[in-house]
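Please open the model in a viewer and keep the sequence panel at hand. The tour below proceeds by selection, each stop stating what to pick and what is found there.

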Amino acid sequence: MQMAITLLQKGRYDEARKQLEVTRKFLDSKLCIIENTELKYKIESELELWFATCLIRQGQYRQAKVELERLMIRKELIPTNLSNEKLILAKAKARRLLALANAYLGDYEEAFQQVEFVKASIASLYTGKQQPARTNLENTETPVSHQSSRILACKYNFQFTEAIIRLLWGDYVEGVKKAKSAHEGFVNQWGQKHFRSLEVTSLYALLLAYNSDAGNAAILCQRTMETMTKVLGGQHPLTLQNMDVLVYIFRTQSRFTEAVDTSNSLCKKVEAALGWDHPQTLRSKCQLGVAKLFCGDYKAAEKILEAVTQASHQTFGAEHPDTLRFRSELAQAYCFSWKLKLAENLALEVLAQQRCIYTLWRRKKPTDRQYPTETLTKVMLRGLLKDVRQDIETLRVHPDLLFTLQLLAKIESKKPESDLSLVQEIHQTVWEGRKSKLGPTHALSLVSEFELAATFRDLGDLKRSQETFERVAKERSKLLGAEHPDTLAARHESLVMEYTIGEKIEIAELESILKLREWQLGRCHPDALQSLLWLFGIQLLLGKETESETADKLLSRLREDPVRNQRLVESLRTTEKVARFYEAQGHLERSAEIFCDILETTNGAGPNIDESLDLSSLRIASTKKLDEINGKSVQV
């Protein structure tokens, strides 16, 4: 069995499993001659626990759950002395692994139930009681000299496991506390280079990033990466998992090019090490798809996310949390590409399934709400929002569900005749959920507040919009830095709103934001083009001579192959805004030229154009505008 454990620690999970299966068969033939019941149980349980650990490492969560439940049933039939330290620890480990398997499968209530059993087991080792009341394990005052290394390992492993479960459940604040405690415990007792210390440190870095502390997360993650590479090797699954954490940190810092480069290398390595259908492989590929999406590479992102979603569906099923998360990211990619119908249908399907896992619906009888099984309508969506608001009060609402809700609001806001009251209601609900669970200054809470500000603008409440954008910009500056792309986005929108409501602004600040965005994200990135658009618009309104040069620069970039091929509808809608700016200022001839260019592009898109792209409304609007401009020209 020791050989299997060594293989497991080296990350050779398939070989470890085969070795454990061989050992299993051998012991099955030998255990019958052992008369000592307790000894027999110890040998059998240790083997089964390592086998379950191996299954979890392989991503075989359901099989691991079955094996552990079978072990728990057999355990109850064997009379043992529960005061015996080793037997209590074995019981705690079994329940800890069962909690982890349940959490990975999305059964969070069962996972937390097992967590409480483990707390009781560990506490009994400190108090000498079999079933004590809840104990704060972080504050246990028993001297270290009175604690065996086995008890300490059990305690820290439990904290590590609970941190993972908190992460999966979306409770990032509690998760980072558990990870920090486990990190300090393992490092103090066994050193920074210990196998478990490295794994816990990587998780701690990830949870720091989830709690908007990307700076410290990056330092810790990169330091851990260097140690892991030296101690475990560059191809070890834990090293690759830490590399995946680094990709996520790059994304939170808007370092998308670095995220894509790192993720490209990671996906090849992790697939070679673990296989194409391993959860870690699928999560890494999803990260690559999202990174490409935020780089403006929409087509490539869609292709990756579609493949990941299909693979996850085949491997884990349609209702697995990872599958639902991947489908939400795919719906977001469709939204970015203006495939609004596809995006909305997919997001509604995902939400209908997420509400079964993450909301009060799980604790209600099916007759309490007449939601359809596969999808939701807008009327039913408003009903779901009531459930979500009740969950917010008990902090049970999951970030993944809030993400899908926010995406649906984004999709609705892009429609030609959008229901802005619904958009506002969704964004308000999401903001309240994130604020209550993560805090008002968490990066995700600020994303929701930013979206609320944009909705206020669309509803015509310009002053409130400007004030909200300005508040978000100040908070992001404190949290992320003054030159972070998200801070620049909020500051840019605040400046535009200031000008719109009649306040004087420094156009030089808009130019400065444009230069920073071009330098950080690229000259053709959607955010850089958005900055260029509004710089042109304000220059035009102010009568600046540079407006023509800015417009030519913007239109030229919008026609470039990487933009037109990857972001056709987005580029044409930005072009349409340029034409509308010119029309509003009486430059009818220039406006007509641009609308003609839009019509020529949409009509000549060709038979290979994706039918799901929303070109029809753009074509109709451009035709109508061109007729109006021609009518004005005749009158003049």
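## First stop: Gln539

In this predicted model, select Gln539 and display its neighbours: leaving aside residues up to four places away in sequence, Gln539 touches Ile507, Glu511, Lys544, Thr546, Glu547 and Thr550. Gln539 lies in helix 24. Its relative accessible area is 2%, and Gln539 is therefore classed as buried, the cut-off being under 20%. Next, draw a distance between the C-alpha atoms of Gln539 and Thr550: these residues are eleven places apart along the chain, and the separation is 8.6 Å.

## Helix 23 against helix 24

Select residues 507–521, which form helix 23, together with residues 526–542, which form helix 24; the two pack at an angle of about 160 degrees, and their axes are 9 Å apart. Because that angle is over 145 degrees, helix 23 counts as roughly antiparallel to helix 24. The crossing of helix 23 with helix 24 is left-handed.

Now show the side chains on both sides of this contact. Helix 23 contributes Ile507, Leu510, Glu511, Ile513, Leu514, Arg517, Glu518 and Leu521. From helix 24 come Asp527, Ala528, Ser531, Leu532, Leu535, Ile538, Gln539 and Leu542. Colouring the contact of helix 23 with helix 24 by residue class gives ten nonpolar, two polar and four charged residues.

## Tyr582 in helix 27

Move to Tyr582, which is placed in helix 27. Is Tyr582 buried or exposed? With a relative accessible area of 4%, Tyr582 is buried. Apart from residues up to four places away in sequence, Tyr582 touches Phe536, Leu540, Glu547, Ser548, Ala551, His587, Arg590, Ser591 and Ile594. Glu547 is thus one of the contacts of Tyr582 and also one of those of Gln539. For one of these partners, Ile594, add a C-alpha to C-alpha distance: Tyr582 and Ile594 are twelve residues apart in sequence and 9.4 Å apart in space.

## Helix 14 and its surroundings

Select residues 298–316, which make up helix 14. What span should the 19 residues of helix 14 have at 1.5 Å a residue? The expected value is 27 Å, and the end C-alpha atoms are 26 Å apart, which agrees.

Colour helix 14 by accessibility. Its buried residues are Tyr298, Ala301, Glu302, Ile304, Leu305, Val308, Thr309, Ala311, Ser312 and Phe316. To see what they pack against, add helix 13 (279–294), helix 15, helix 24, helix 26 (561–566) and helix 27 (568–584). Helix 24 and helix 27, visited at the earlier stops, are thus among the packing partners of these buried residues. At the end of the selection, continue to Gly317, which follows helix 14 and has a positive phi, near 100 degrees.

## Helix 15 beside helix 14

Add residues 321–336, helix 15, which has 16 residues and reaches 23 Å from its first C-alpha to its last, close to the 22 Å expected at 1.5 Å a residue. Of its 16 residues, 15 are buried, so helix 15 is largely enclosed by the rest of the structure.

Orient the view to show helix 14 and helix 15 together: they pack at an angle of about 155 degrees, with axes 9 Å apart. Helix 14 and helix 15 are therefore roughly antiparallel to each other. Their crossing is left-handed. On the helix 14 side, select Tyr298, Glu302, Leu305, Glu306, Val308, Thr309, Ser312, His313 and Phe316. They meet Asp322, Thr323, Phe326, Arg327, Glu329, Leu330, Ala333, Tyr334 and Phe336 in helix 15. By class, the contact of helix 14 with helix 15 holds nine nonpolar, four polar and five charged residues.

## Two loop residues with positive phi

Select Trp338, in the loop between helix 15 and helix 16 (340–358). Its phi is near 65 degrees, a positive value in a residue other than glycine. Trp338 is buried, with a relative accessible area of 11%.

Then select Ser254, in the loop between helix 11 (237–252) and helix 12 (256–274). Ser254 likewise has a positive phi without being glycine, near 60 degrees. Ser254 is buried at a relative accessible area of 8%.

## Last view: the whole chain

Clear the selection and show the whole chain, which has 29 helices and zero strands. Of its 636 residues, 55% count as buried. Among contacts between residues at least 6 apart in sequence, 65% join residues at least 24 apart.

Key:
Residues numbered from 1 in each chain as written. Predicted model: local features only at pLDDT ≥ 70, side-chain atom pairs only at ≥ 80, totals over all residues. Heavy atoms only, no water. Helix = DSSP H or I, 4+ residues; strand = E, 2+ residues; numbered from the N terminus. Expected span 1.5 Å × (residues − 1). Buried < 20%, exposed > 50% of the residue type's maximum accessible area, 1.4 Å probe, protein only. Axes fitted to C-alpha atoms, helices over the stretch in contact; angles between N-to-C directions. Parallel < 35°, antiparallel > 145°, perpendicular 65-115°, else oblique. Left-handed = near helix turned anticlockwise from the far one by under 90°. Contact = heavy atoms within 4.5 Å. Nonpolar A, V, L, I, M, F, W, Y, C, P; charged D, E, K, R; others polar.
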